[in-house]
Each structure stands twice: as C-alpha cells, then as structure tokens.
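Work through the exercises below with the sequence and the model at hand. Each task is followed by a solution in steps.

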Amino acid sequence: MKIILANPRGFCAGVNMAIEALETALKKFGSPIYVYHEIVHNRPIVERFRNKGVIFVDTIDEVPAGQTVLYSAHGVSPEIRKHSRERNLRAIDATCPLVTKVHMEAVKFAKDGYTILYIGHEGHDEVVGTMGEAPESIVVVEDVEDVDALTLPADGKYAFLTQTTLSVDETKLVIDRLKAKYPQIIGPGKDDICYATQNRQEAVRDLVPEADVVLVLGSQNSSNSSRLAEIARLSDRRSYLIDSVAEMDDAWFCPEDTVLVTAGASAPEDHVQAVVDHLVEKFQATVESRVVREEHVSFPLPKELRVLVRN
Ligand code: SF4
C-alpha cells in the first residue's frame with residue numbers, strides 16, 4: 001500500500017485563529033466560556049473544548065448575563081451582536097476575516113440598491129450570519145436549478161456573492177448561469193471562495209488520478225471537508241469522510257491500494273497522523289508527502305484578546 005499525503009490539508013488560517021482565540025480566552029477568563037455555535041465544524045475539536053469547560057450554545061439567551069461569549073469562525077449577524085450587547089455579555093469575535101470580507105460586500109451591495117444572489121447552503125452558520133447583514137436584499141441560491149427557478153425581474157439591479165467553502169467547479173457553473181440569466185449582474189471579481197478551500201480542492205483534484213481510495217478527515221457538517229470527499233467521488237474513487245481512525249474500516253482497502261489522505265480546513269492533524277499510523281501498521285504502507293501549493297497565511301487574534309495578550 002502507498003499513502004499519498006496531500007498538501008495543503010487541514011487547518012486554515014481562520015480555524016487556527018479561532019482555536020487560538022478560544023484557548024486564550026479560557027486562559028484569561030477561565031471556564032465557562034460560551035461559544036455561539038460550534039467554534040469550527042469539527043466534532044473532535046468541539047469535544048476537546050467541551051472537556052475544557054466550553055459551553056456551546058445556539059441562542060444568545062442561553063448565555064447568562066455578564067458572561068463571556070465567543071463568536072465562531074463562521075461569523076454572526078448584526079442581530080446577534082446587538083442581542084449580546086443588550087445582555088451585557090463580553091463578546092469576542094473570532095469570525096474569520098475572509099467571512100467578514102463577504103459581510104462587508106453584502107452591506108455595500110445592499111446599500112447601493114442591489115439585490116444580492118448569494119450562492120451558499122441554506123441554513124449553514126456562515127450563510128445565516130451573512131444574510132443577517134441585509135436580510136431584505138439577499139436571496140440564497142444553492143445550484144443551477146435554483147437559478148433557473150428565480151422569478152426576479154430580468155432588468156433588476158443584481159450582485160452575486162458566495163459562501164467561502166463551496167466547490168470551486170460547481171460555483172463557477174452557478175455564476176455562469178446567473179450571468180447568462182442576468183447579464184447585468186456584478187460580483188466581487190471571481191467569487192468569495194477562500195484560499196484554503198480552493199487550495200485543498202486543487203490538491204485533491206491534482207492527486208486523485210493516482211489514488212484508488214481517498215480518505216478525507218473532517219466532520220459531516222463541515223462544508224469544505226464534504227466538498228473534498230465529493231471531488232473524489234466524482235472521480236469515481238472510493239471516498240470516505242471520517243472524523244477519526246475509530247470510524248475507519250480495514251475492509252475499505254486492498255493491500256495494493258494507493259490511498260490519498262487529506263483533511264478539511266477544520267480537521268486536526270493528530271487525527272490525520274493516527275489514520276496514517278494505522279495504515280502503516282496494518283498494511284505496511286509507505287508514505288509520500290506531496291505539496292501541490294504552499295500556504296503562508298495567518299490571521300491575528302480578535303482585537304478583544306490582542307490587548308489582553310500584550311498585557
Ligand atoms: S475555510 Fe476559509 S473562510 Fe473558513 S475559516 Fe478557513 S480561511 Fe476562513
């Protein structure tokens with residue numbers, strides 16, 4: 001068996017920042033710290049923090065008045081920020097700056113009178129947060145069928161935006177369909193799919209022809225991890241999206257397989273290594289690390305914490 005380890009894989013700059021922010025908040029303020037929604041969409045990470053005294057909530061009302069609440073990497077709507085202020089919470093904003101950029105684009109387009117056709121997955125935390133910036137001006141479309149079903153006037157003033165963790169290929173199709181239907185539509189250049197999503201997808205696309213099986217470390221509710229498994233499936237490879245080695249079944253593999261291993265932007269590297277170690281032990285696999293693209297991106301801690309870390 002041969003293992004090809006895809007690079008880049010795993011944590012992106014936004015996830016690194018959000019995790020460091022929560023660790024710093026725990027150190028400075030002690031537990032409990034409340035986090036609005038999952039800090040990142042990864043079950044092992046959420047469990048680790050739960051064990052350290054972090055309480056994950058789905059509504060601001062669950063946070064006792066005066067306590068500390070941290071907003072996850074996916075961002076929140078202005079309504080949530082307002083609600084936190086009203087409850088006198090100490091809010092720490094660990095929204096990824098690349099999500100914030102989309103929020104700002106939404107605000108600007110809405111202010112300029114555009115109806116925004118926002119390509120994203122209905123109900124995803126990031127989509128809910130971005131929509132909250134201009135709920136009257138945003139219509140969510142998921143795929144080309146949704147574009148075909150739109151009944152907006154042909155001569156309207158339209159702009160498009162995208163969620164940051166979509167499939168690059170599918171999103172291009174949706175944007176092309178929007179441009180065909182509403183040629184006057186404007187957008188933020190190409191799309192808002194972030195560098196980390198694009199690079200991880202590019203690595204899988206480049207390496208998948210060499211593989212028989214693809215293992216993606218990541219949670220089922222992680223959008224960017226699911227897209228990686230999807231690319232492998234579309235290439236007719238056996239493909240599995242798993243949180244950890246405990247979910248892996250040796251019956252998935254033949255001894256002569258080439259196994260491509262990658263991880264979504266919220267999946268921790270120790271779980272990747274555990275999978276590799278298991279395959280090396282069980283199948284005497286050799287490991288080859290392949291770099292498709294270098295990444296050198298990092299984001300500073302949220303401003304509410306930067307001051308505390310300096311002091
Ligand atoms: S996947 Fe992209 S947008 Fe999401 S946290 Fe990471 S860098 Fe930010």
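**Exercise 1.** Which residue in S5 does Thr68 stand opposite?

*Solution.* The model is predicted: local features need pLDDT of at least 70 and side-chain atom pairs count only at pLDDT 80 or more, while totals for chains, interfaces and linings use all residues. Residues are numbered from 1 along each chain as its sequence is written, and side-chain values use heavy atoms, with hydrogens and water left out.

Step 1. Locate the strands: S4 spans residues 68-71 and S5 spans residues 90-93. Helices (H or I, at least four residues) and strands (E, at least two) are DSSP runs, numbered from the N terminus.

Step 2. Read off the partner: opposite Thr68 stands Arg90 in S5.

Step 3. Take the strands as a whole: S4 and S5 run parallel and are joined by four bridges. Two strands pair if DSSP finds at least two bridges between them.

Step 4. Trace the connection: the chain leaves S4, passes through helix H3 (residues 78-86) and enters S5 in a right-handed β-α-β crossover. Right-handed means that, with the strands pointing away from the viewer, the path from the first strand over the helix to the second runs clockwise.

**Exercise 2.** Find the bridge partner of Val35 in S4, and say which way the S4 side chains point.

*Solution.* Step 1. Val35 has Leu70 as its bridge partner. S2 and S4 pair in the parallel sense, over three bridges.

Step 2. Thr68 and Leu70 point one way from S4, Val69 and Tyr71 the other way, and all are buried. Buried means under 20% relative accessible area, with a 1.4 Å probe and protein chains only.

Step 3. Compare with the rule: in a regular strand the side chains alternate between the two faces of the sheet.

**Exercise 3.** Name the residues that touch the most other members of the largest nonpolar core.

*Solution.* Step 1. A nonpolar core is a set of buried Ala, Val, Leu, Ile, Met, Phe, Trp, Tyr and Cys residues joined through side-chain atoms within 4.5 Å.

Step 2. In the largest core, of 31 residues, these are Leu22, Ile39, Phe49 and Leu70. Helix H1 (13-29) is among the elements that each supply at least two residues. The largest share, nine residues, comes from H1.

Step 3. Contacts (heavy atoms within 4.5 Å) of Phe49, not counting residues up to four places away in sequence, include Ile19, Leu22 and Val54.

**Exercise 4.** Is Ile185 buried or exposed?

*Solution.* Step 1. Ile185 lies in the loop between helix H7 (168-181) and helix H8 (195-207).

Step 2. Its relative accessible area is 9%, so Ile185 is buried.

Terms used
Buried means under 20% relative accessible area, exposed over 50%, partly exposed in between (1.4 Å probe, protein chains only). Contact means heavy atoms within 4.5 Å.
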